[in-house]
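Work through the following exercises with the model open in a viewer. Each task is followed by a stepwise solution.

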Amino acid sequence: MTTSTTPTPSRGDLLRRPLAHVGSFARMCALTGKALFQRPFEWQELFVQTWFLFRVTILPTIFAAIPLTVLLTFTLNVLLAEFGAADVSGAGAALGAVTQLGPLTTVLVVAGAGSTAICADLGARTIREEIDALEVMGIDPIHRLVVPRVLAATVVATLLNSLVVTVGLVGGFLFSVYLQNVSGGAYLSTLTLVTGLPEVVIATLKAFSFGLIAGLMGCYRGLTVSGGAKGVGTAVNETVVLCVIALYAVNVILTTIGVRFGTGH
């Protein structure tokens with residue numbers, strides 16, 4: 001009587017697997033950067049993917065930005081009223097919306113909706129062997145599929161950040177003036193008190209980085225799917241987790257740089 005046993009992976013195998021993924025991801029990033037300058041550029045695919053990602057993310061962005069704006073503004077105004085400084089609520093709302101509300105909402109939406117949509121799209125193509133078919137025909141899937149999606153995610157993330165900031169400022173004004181009896185003139189006059197060009201540049205750089213990283217991660221997991229339809233679902237879930245971790249880490253780093261950069265403001 002023979003007994004079949006499943007081999008237990010060694011510690012070295014468990015260590016090599018994530019390192020192999022890191023190496024493969026870095027290689028894909030390098031190939032994407034190289035393919036960015038290849039001609040002809042896939043303009044039509046870029047426009048299609050930009051519109052697709054915009055449709056996927058626009059409503060979640062608005063639905064996430066409004067309650068976060070109300071929560072931020074309400075808490076801030078209560079705190080300022082305790083110190084008798086409710087007239088500078090505009091400065092706090094602008095600082096919160098530009099430096100944190102916009103980037104953090106962009107993180108959640110890009111990771112939860114944009115990157116997963118890219119992963120699901122490319123993952124479905126991978127299990128249908130469309131990627132292999134492109135390579136057999138001599139078409140580079142990085143140039144044909146990855147580059148337009150990464151650029152589309154970057155553009156959409158930057159636009160979403162601007163949308164969230166606008167919603168935050170307008171929503172903060174309406175909530176402060178009409179519900180918490182803050183002077184409208186004082187709110188508007190203090191918007192630029194502590195928020196200027198450096199903060200706007202850092203926030204835009206954050207959104208640009210978020211879109212770039214989310215697009216690359218979504219494309220990588222979509223192209224490395226295995227295990228059929230179940231593998232696509234697993235890859236989508238992994239994409240959300242990896243994107244949130246990576247984007248929050250980038251947000252911490254860029255926020256630290258922004259604080260240092262804005263000390264002289």
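**Exercise 1. Count the secondary structure elements and describe the chain as a whole.**

Solution.
- This is a predicted model. Its chain has 8 helices and 0 strands.
- Read from the N terminus, the order of elements is α-α-α-α-α-α-α-α.
- Along the principal axes, the C-alpha atoms fill a box of roughly 80 × 55 × 35 Å.
- The chain has 265 residues, and 42% of them count as buried.
- The accessible surface is about 14,300 Å². Carbon and sulfur atoms account for 70% of that surface.
- Now take the contacts with a separation of 6 or more: 88% of them join residues 24 or more positions apart.

**Exercise 2. Describe how helices H5 and H7 pack, and list the residues in the contact.**

Solution.
- Locate the helices. H5 covers residues 141–179, and H7 covers 197–223.
- Take the geometry. The two pack at an angle of about 145 degrees, with axes 7 Å apart.
- Assign the hand. The crossing of H5 and H7 is right-handed.
- List the H5 side: Ile142, Val146, Arg149, Val150, Ala153, Thr154, Ala157, Thr158 and Asn161.
- List the H7 side: Ala203, Thr204, Ala207, Phe208, Gly211, Leu212, Gly215, Leu216, Cys219 and Leu223.

**Exercise 3. Is threonine 69 buried or exposed, and which residues does threonine 69 touch?**

Solution.
- Place the residue. Threonine 69 is in helix H2, which spans residues 43–82.
- Apply the cut-off. Buried means under 20% relative accessible area. Threonine 69 has 3%, so it is buried.
- Leave out residues up to four places away in sequence. Threonine 69 then touches Leu101, Val167, Gly168, Gly171 and Gly172.

**Exercise 4. Classify isoleucine 58 and valine 200 by accessibility, then give a C-alpha separation for each.**

Solution.
- Start with isoleucine 58, in helix H2. Its relative accessibility is 18%, so it counts as buried.
- Take its distance to phenylalanine 74, 16 residues along the chain. The C-alpha atoms of the pair are 24 Å apart.
- Go on to valine 200, in helix H7. Its relative accessibility is 40%, so it counts as partly exposed.
- Take the distance from valine 200 to glycine 258, 58 residues along the chain. Their C-alpha atoms are separated by 9.6 Å.

**Exercise 5. Find the backbone features at proline 40 and glutamate 129.**

Solution.
- Check omega before proline 40. The peptide bond from arginine 39 to proline 40 is cis, with omega near 5 degrees.
- Place proline 40. The residue sits in the loop between helix H1 (11–35) and H2.
- Check phi at glutamate 129. The value is positive, about 65 degrees, although the residue is not a glycine.
- Place glutamate 129. It lies in the loop between helix H3 (89–127) and helix H4 (130–136).
- Check its cover. Relative accessibility is 52%, so glutamate 129 counts as exposed.

**Exercise 6. Which residues form a nonpolar surface patch with Leu193, and where does leucine 193 lie?**

Solution.
- Name the members. Val88, Leu95 and Val194 join Leu193 in the patch.
- Take the area. Together the four residues named have about 290 Å² accessible.
- Place leucine 193. It is in the loop between helix H6 (184–189) and helix H7.
- Test its exposure. The relative accessible area is 53%, so leucine 193 is exposed.

Technical notes: Residues numbered from 1 in each chain as written. Predicted model: local features only at pLDDT ≥ 70, side-chain atom pairs only at ≥ 80, totals over all residues. Heavy atoms only, no water. Patch = residues over 30% accessible without salt bridge, like charges linked within 9 Å, V, L, I, M, F, W, Y side chains within 5 Å. Areas by Shrake-Rupley, 256 points an atom, 1.4 Å probe, with all protein chains shown as cover. Salt bridge = Lys/Arg side-chain N within 4 Å of Asp/Glu carboxyl O. Helix = DSSP H or I, 4+ residues; strand = E, 2+ residues; numbered from the N terminus. Buried < 20%, exposed > 50% of the residue type's maximum accessible area, 1.4 Å probe, protein only. Axes fitted to C-alpha atoms, helices over the stretch in contact; angles between N-to-C directions. Left-handed = near helix turned anticlockwise from the far one by under 90°. Contact = heavy atoms within 4.5 Å.
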